[in-house]
Amino acid sequence: MTTKVLVIGGGQNAEHEVSLASAAAVAAALRMGDHEVTCVTIDRDGIWRVEGRPHGGSAAESLALALPLLTRTDVVFPAVHGAPGEDGALAALCALAGVRVVGSGLRAGSIGMDKWTTKLVADAVGLGTARGRLVSADDIGDVEFEGEVVVKPVSSGSSHGVGLVTREEDLLVALHEAARFDRRILVEEVVRGREIDVAVLREKGGIRWAAPPLEIHATGLFDTATKYDGSARFTVPAQLDAGEVSALKRAAIAVFDALGCEGVARMDFFLTDRGPVLNEVNTMPGLTAASQVPRMFAAAGVTYVDLVARLVRAAS
C-alpha cells in the first residue's frame with residue numbers, strides 16, 4: 001500500500017539551506033520505496049510554497065492554501081531544522097490536524113530546542129553538563145567571566161552564533177553575535193574532551209536503540225564554518241572501548257527518554273575523564289545521506305533509504 005508523505009523543508013532561520021538539502025534527500029529516498037511524495041518549502045519570509053500552486057501574499061495566506069494538503073496526506077515529514085519548526089511548531093500543527101508526523105512532538109521539540117532547559121533535564125536524570133549561566137540580551141553589558149567560555153544562542157542550530165572566548169575583551173562581541181539569533185544566551189565553561197555524537201532511533205512499536213557513536217575531529221571549535229567547509233573529519237564507529245560505548249549509549253537513551261523524543265534524535269557529548277558530558281540535543285538533525293545521523297546508522301547496517309522509511313513507519 002502506498003503511503004502519502006508530505007515533506008516540509010526550508011524554514012525562517014539560519015539553517016534554511018541545510019533544511020532544503022535534508023528535505024530534498026528525504027524526498028528522493030522516499031520515492032525509491034512505496035511512497036507518494038509531495039514537497040512544501042517554507043521560505044525565509046514564512047511563505048509556504050507548493051510547486052504549481054498559488055501561495056498568496058502573506059505567510060498566513062500561504063499556509064491556508066497549503067493546509068488542504070494535510071487532508072490528502074498519511075504522514076508529514078518535517079525536515080526543518082531550527083525554530084520555528086524543529087521546536088515543535090510543525091508537530092503541533094500536525095497534532096491539531098490529526099495527521100501523523102515523523103519525529104518528536106511539541107513537548108520534546110520545544111525542550112530539545114532550548115539548550116538551557118535541556119541542561120536542566122539532563123541534570124535531573126544524573127547526566128553531566130557544562131557549568132553555565134543564562135543571560136538576557138538586555139543584560140549583555142553586565143556579564144563577566146573567568147577563564148575560557150563558550151557563548152551560544154539558547155535556541156539555534158548548526159552552531160550559528162556560537163563563539164569561543166579566551167580574552168575578556170572579546171566577550172561583548174561574542175554576546176552580541178549570539179544575540180543575533182536569540183535574545184536568550186548561554187555562557188558555558190569550556191569542556192575538554194573528545195566530541196562524540198550518538199543517534200537514537202525509536203522504531204514502530206516503541207523499541208528504541210542507539211547507533212554506533214561517531215567522533216568529530218576538528219581543529220578548535222566545531223563551528224558553523226567547520227561543519228560545512230569539509231575540514232572536519234568523522235570516525236564512525238568511534239574508536240572507543242566497550243565501557244565508553246555503553247556509557248554513551250545509556251546517556252543518549254536516558255536523554256531521549258527524559259525528553260520524550262520520537263523518531264530519531266542526535267545527542268552530542270564530550271567524552272571526558274569523568275564520563276559523558278551532554279552538550280546539546282537535536283530532535284531533527286541533518287538528514288542528507290552524508291549527515292552524521294545517517295552515517296551512524298549506516299555503520300549499524302541500516303541504509304539511508306531504509307532509515308528514512310523506518311522513520312515514516314514509526315510516525316505517530
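**A pocket, a sheet and a helix pair**

1. A good place to begin is the lining of the second largest pocket, whose residues divide into three nonpolar, one polar and seven charged. Please keep in mind while reading that the model is predicted.

2. Who are these residues? The pocket is lined by Arg 131, Gly 132, Arg 133, Glu 144, Phe 145, Glu 146, Glu 148, Val 149, Val 187, Glu 188 and Glu 189. The volume of this second largest pocket is about 150 Å³. Two elements, β7 and β10, give two or more residues to the lining. The most comes from β10, with three residues.

3. Those two strands also belong together in a sheet. Four strands form an open sheet in the order β7-β10-β8-β9, and their pairing is antiparallel. At the edges stand β7 (132-136) and β9 (163-165); each has a single partner strand, so one side of each is left without a neighbour in the sheet. On average, and with direction ignored, neighbouring strands of this sheet are turned by 25° against each other.

4. Let us look at one pairing in detail. Strand β10 (residues 184-189) runs antiparallel to β7, and five bridges join the two. Within this pairing, Arg 133 stands opposite Val 187 in β10. Both Arg 133 and Val 187 are also among the residues that line the second largest pocket.

5. Which strands does helix α5 touch? Helix α5 (residues 115-124) packs on the sheet and touches β7, β8 (149-153) and β10. The direction of α5 makes about 50° with that of β10. A further helix, α6 (residues 171-179), lies across β8, β9 and β10. Relative to β8, helix α6 runs at about 25°.

6. Now for a pair of helices. Helix α1 (residues 16-31) packs with helix α10 (residues 304-313) at an angle of about 90°, and their axes are 9 Å apart. Angles of 65 to 115 degrees count as roughly perpendicular, and α1 and α10 are therefore roughly perpendicular to each other.

7. What do the two helices bring to their contact? From α1 come Ser 22, Ala 25, Val 26, Ala 29 and Leu 30, which meet Tyr 304, Val 305, Val 308 and Val 312 in α10. The residues of this contact divide into eight nonpolar, one polar and no charged. It is worth setting this beside the lining of the second largest pocket, with its three nonpolar, one polar and seven charged residues.

Note on methods
Residues numbered from 1 in each chain as written. Predicted model: local features only at pLDDT ≥ 70, side-chain atom pairs only at ≥ 80, totals over all residues. Heavy atoms only, no water. Pairing = 2+ DSSP bridges. Axes fitted to C-alpha atoms, helices over the stretch in contact; angles between N-to-C directions. Contact = heavy atoms within 4.5 Å. Parallel < 35°, antiparallel > 145°, perpendicular 65-115°, else oblique. Nonpolar A, V, L, I, M, F, W, Y, C, P; charged D, E, K, R; others polar. 1 Å grid on protein atoms, 1.4 Å probe; cavity = no way out; pocket = protein on both sides within 12 Å on 5 of 7 lines; lining within 4 Å. Points joined across faces, edges and corners; volume = space filled by probe spheres on them.
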